[in-house]
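Here's a quick briefing to read with the model open beside you. Have a look at the fold first, then come back for the details.

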Amino acid sequence: MCELLGMSANVPTDICFSFSGLMQRGGQTGPHTDGWGIAFYEDRGCRLFHDPAASADSEIARLIGRYSIKSCTVISHIRQATHGRVSLENTHPFRRELWGRPWVFAHNGKLPGVKGWPLGMDRPIGTTDSEHAFCWLMAQLRERFPRRPSRPETVWRYVFHLATELSTLGTFNMLMSDGRVLYAFCGTHLSWITRRAPFGAARLKDAEMEVDFSRLTTPNDVVTVIATHPLTTNEVWQTMTPGSMVVFQGGLPTLFDPAGRLSRPQESP
């Protein structure tokens with residue numbers, strides 16, 4: 001299947017280190033050779049890069065790995081096609097507009113039968129079950145909330161409800177964002193790590209690369225990285241429980257357990 005990568009931070013941060021590890025899984029250390037994409041939020045805007053080529057062989061991916069695009073919210077995806085041909089329109093992440101903001105979505109898994117679910121104004125451009133699921137999710141949010149609710153948690157709870165409903169069809173691991181928060185829903189595999197002071201060194205699993213974050217950060221920085229499988233060998237990652245969701249805002253998590261109970265871990269280092 002595909003692999004996901006996300007980042008949520010309280011200050012604009014580049015994702016070059018983590019992305020350099022992920023891109024190796026697209027043809028070198030992993031079988032995800034059917035395209036890749038990445039989205040960077042910048043204020044109300046969003047930069048997207050897509051390539052239907054394998055990320056390990058992509059010149060665009062090499063550029064992203066070298067070019068320090070700083071963002072507080074990033075979503076990336078490497079694809080192993082299970083539904084829909086290998087093509088540019090079928091590469092994740094997908095983007096739609098809702099409440100005047102760009103929403104970005106990437107999915108890992110299979111959702112048999114989802115193309116029978118009704119859609120609203122958002123329509124798929126490609127042929128993946130993932131994009132259809134995203135369009136359905138957008139339609140449900142539009143119908144339930146014609147205007148964005150004043151309480152963010154109201155949206156978070158409904159996104160959790162919709163993600164749980166989609167997961168009944170098959171495998172549903174999701175990263176989604178409106179630029180304000182990053183939603184991470186775990187159907188089978190997702191892990192995350194929050195880096196904050198005191199920062200240390202991290203070593204990639206899929207590439208000969210190590211970074212000492214203490215030389216690149218300030219004591220107030222909070223940076224969380226989410227991935228299908230841990231990207232480093234010398235750090236302790238949090239493994240999400242299947243059926244749970246985490247909402248990250250400024251790098252800090254709000255947890256929804258499989259029963260929908262909300263909790264916020266203490267913010268101590």
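A quick bit of vocabulary: rings of Phe, Tyr and Trp (its six-membered ring) count as a pair if their centres lie within 6.5 Å. With that in hand, Phe-105, Phe-134, Phe-160, Phe-172, Phe-185 and Phe-256 form one aromatic cluster. Bear in mind that this is a predicted model. The tour below takes in an open sheet of seven strands, a couple of helices packed on that sheet, the aromatic pairs, and a separate helix contact.

**The sheet**
- Seven strands line up as E5-E6-E7-E8-E14-E15-E16, with antiparallel pairing.
- At the edges sit strand E5 (94–98) and strand E16 (262–263), each pairing on one side only.
- Strand E6 (residues 101–108) runs antiparallel to strand E7 (residues 173–177), and five bridges join them.
- Within that pairing, Asn-108 has Asn-173 of E7 as its bridge partner.

**Helices on the sheet**
- Helix H3 (residues 129–144) packs on the sheet and touches E5, E6 and E7; the direction of H3 makes about 10 degrees with that of E5.
- Helix H4 (residues 152–167) also packs on the sheet, touching E6, E7, strand E8 (182–185), strand E14 (245–249), strand E15 (252–256) and E16. The direction of H4 makes about 30 degrees with that of E8.

**Aromatic pairs**
- The structure holds 14 aromatic pairs.
- One of them is Phe-105 with Phe-134, a stacked pair at 4.8 Å centre to centre with 5 degrees between the planes.
- That pair ties strand E6 (Phe-105) to helix H3 (Phe-134), and the two residues are 29 apart in the chain. Both Phe-105 and Phe-134 are buried.
- Phe-172 and Phe-185 make a tilted pair, with 5.9 Å between centres and 45 degrees between planes.
- Here the link runs from the loop between H4 and E7, home of Phe-172, to strand E8, home of Phe-185, 13 residues apart. Phe-172 and Phe-185 are both buried.

**A charge over a ring**
- Arg-144 lies over the face of Tyr-158, 4.4 Å from the ring centre.

**Another helix contact**
- Helix H1 (residues 16–24) and helix H2 (residues 59–66) have axes that come within 8 Å and cross at roughly 150 degrees.
- Because of that crossing angle, H1 counts as roughly antiparallel to H2.
- H1 brings Cys-16, Phe-19, Ser-20 and Met-23 to the contact, while H2 brings Ala-61, Arg-62, Ile-64, Gly-65 and Arg-66.

Note on methods: Residues are numbered from 1 along each chain as its sequence is written. This is a predicted model: local features need pLDDT of at least 70, side-chain atom pairs count only at pLDDT 80 or more; totals for chains, interfaces and linings use all residues. Side-chain values use heavy atoms; hydrogens and water are left out. Two strands pair if DSSP finds at least two bridges between them. Helices (H or I, at least four residues) and strands (E, at least two) are DSSP runs, numbered from the N terminus. Contact means heavy atoms within 4.5 Å. Axes are lines fitted to C-alpha atoms, for helices over the stretch in contact, and angles run from 0 to 180 degrees between N-to-C directions. Rings of Phe, Tyr and Trp (its six-membered ring) pair if their centres lie within 6.5 Å; planes under 30 degrees apart count as stacked, over 60 as edge-to-face and the rest as tilted. Buried means under 20% relative accessible area, exposed over 50%, partly exposed in between (1.4 Å probe, protein chains only). A charge sits over a ring if NZ of Lys or CZ of Arg is within 6 Å of the ring centre and within 35 degrees of the ring normal. Angles under 35 degrees count as roughly parallel, over 145 as roughly antiparallel, 65 to 115 as roughly perpendicular and the rest as oblique.
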